[in-house]
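Please read the sequence and the model side by side. The paragraphs below go through one helix and its surroundings, then through several single residues.

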Amino acid sequence: AREAAALAKLHPGLGVGLHFTVTDNQGPTIDLFDILALEKELHRQYERCSDLLGHPPTHLDSHHHVHLRKELSPLFHEWATKHGLPVRSLGAIPYNGGFYGHWYDEEWRSYSAPELISIENLEKILRELPEGATELGCHPAYRSPDLHSSYALEREIELATLLHPRIFDVIQELRIAVVNYATLPTETGKEHVAA
């Protein structure tokens with residue numbers, strides 16, 4: 001986190017959100033039904049993120065989409081409103097998570113699906129964006145020896161897809177303004193905006 005915050009400071013126009021984390025691959029790390037503990041941890045992570053960045057985060061989401069659980073989303077919506085933060089999928093900006101290189105079976109076992117992060121699939125997603133702002137979820141990265149993730153190879157495929165010249169051509173053709181939560185205009189008019 002320290003290294004990421006230092007890198008973010010080199011790019012002041014970059015939107016850096018709080019990815020609230022209370023789950024890992026083994027499940028929750030705190031009791032998700034203890035609302036007071038959850039709110040305390042949310043505040044702790046928010047303060048830590050703000051301290052590292054030197055300013056508050058630009059938006060809020062959560063690992064494993066904990067903030068979207070029916071019983072928890074009111075807490076996150078209220079807390080984020082109080083702090084002036086947009087929350088993924090709980091506000092005015094729709095979220096598109098279709099650019100993700102895994103699929104899940106009925107028992108939530110994960111399987112690699114590189115076709116979902118292909119140039120063709122991203123082009124299809126971009127061509128079907130509604131007017132206005134849409135948050136497009138992605139996880140691009142270079143793999144490093146210290147990256148321990150079931151979603152490692154897919155990160156490099158995402159990065160290559162996002163940087164492909166054909167995607168740049170489609171973005172220009174469709175007049176998509178690529179922005180982030182730090183630079184999101186308040187009025188987007190009728191042009192497409194991908195955050």
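What follows is a walk through a predicted model.

A convenient place to start is helix 2. This helix has 19 residues, and the distance from its first C-alpha to its last is 27 Å, close to the 27 Å expected at 1.5 Å a residue. Its buried residues are Leu38, Glu41, Leu42, Gln45, Tyr46, Cys49, Ser50, Leu52 and Leu53. These buried residues pack against helix 1 (2-9), strand 1 (18-20), strand 4 (60-62) and helix 3. Just after helix 2 comes Gly54, which takes a positive phi of about 85°.

Two of the buried positions in helix 2 can be looked at through their partners. Gln45 lies in helix 2 and has a relative accessible area of 12%, so this residue is buried. Leaving out residues up to four places away in sequence, Gln45 touches Leu18, His19, Phe20, Thr21 and Val22. The other position is Tyr46, which belongs to an aromatic pair.

The structure holds 4 aromatic pairs. In one of them, the ring centres of Tyr46 and Trp79 are 5.1 Å apart and the ring planes stand at 85°, so the pair is edge-to-face. Because Tyr46 is in helix 2 (residues 35-53) and Trp79 is in helix 3 (residues 73-82), the pair ties together parts that are 33 residues apart in sequence. Both Tyr46 and Trp79 are buried.

The nonpolar cores come next. In soluble globular proteins, nonpolar side chains tend to be buried together. The largest nonpolar core in this model has 22 residues, of which Phe20, Leu38, Leu42, Leu60 and Phe76 touch the most other members. Helix 1, strand 1, helix 2 and helix 3 each supply at least two residues of this core. Which element gives the most to this core? Helix 2 does, with 6 residues. Leu60 can serve as an example of the contacts involved: setting aside neighbours within four places in sequence, Leu60 is in contact with Leu18, Phe20, Leu42, Phe76, Trp79, Ala80, Leu85, Pro86, Val87 and Arg88. A second, separate core has 13 residues, among them Ile125, Leu126, Leu129 and Ile176.

The cysteines can be treated briefly. A disulfide is a covalent bond between the sulfur atoms of two cysteines. How many disulfides does a search of the whole structure find? The search finds 0. Cys49 is in no disulfide, and the nearest cysteine sulfur, that of Cys138, is 18 Å away. Seen from the other end, the sulfur of Cys138 has its closest cysteine sulfur in Cys49, and at 18 Å the two are too far apart for a bond. The cut-off for a disulfide is a pair of cysteine sulfur atoms within 2.5 Å. As for their surroundings, Cys49 counts as buried because its relative accessibility is 13%, whereas Cys138, at 31% relative accessibility, counts as partly exposed.

Thr23 offers a polar example. This residue is in strand 2 (residues 23-24), and its relative accessible area is 7%, so Thr23 is buried. Its side chain is joined to that of His64 by a polar contact of 2.6 Å. Not counting residues up to four places away in sequence, Thr23 touches Pro28, Thr29, His63, His64 and Val66.

Two residues other than glycine deserve a look at their backbone angles. His65 has a positive phi of about 55° although it is not a glycine. The place of His65 is in the loop between strand 4 and helix 3, and at 37% relative accessibility His65 counts as partly exposed. In Arg175, another residue other than glycine, phi is again positive, near 60°. Arg175 lies in the loop between helix 6 (165-173) and strand 9 (177-178). Is Arg175 buried or exposed? Its relative accessibility is 54%, so Arg175 counts as exposed.

The last stop is Ser150, found in the loop between strand 8 (132-136) and helix 5 (153-162). With a relative accessible area of 58%, Ser150 is exposed. Its C-alpha atom is separated by 30 Å from that of Ala133, and the two residues are 17 residues apart along the chain.

Note on methods: Residues are numbered from 1 along each chain as its sequence is written. This is a predicted model: local features need pLDDT of at least 70, side-chain atom pairs count only at pLDDT 80 or more; totals for chains, interfaces and linings use all residues. Side-chain values use heavy atoms; hydrogens and water are left out. Helices (H or I, at least four residues) and strands (E, at least two) are DSSP runs, numbered from the N terminus. Buried means under 20% relative accessible area, exposed over 50%, partly exposed in between (1.4 Å probe, protein chains only). Rings of Phe, Tyr and Trp (its six-membered ring) pair if their centres lie within 6.5 Å; planes under 30 degrees apart count as stacked, over 60 as edge-to-face and the rest as tilted. A polar contact is a pair of N or O atoms within 3.5 Å; within protein, one must be able to donate a hydrogen and the other to accept it, and residues adjacent in sequence count only if both atoms are side-chain atoms. Contact means heavy atoms within 4.5 Å. The expected span of a helix is 1.5 Å times one less than its number of residues. A nonpolar core is a set of buried Ala, Val, Leu, Ile, Met, Phe, Trp, Tyr and Cys residues joined through side-chain atoms within 4.5 Å.
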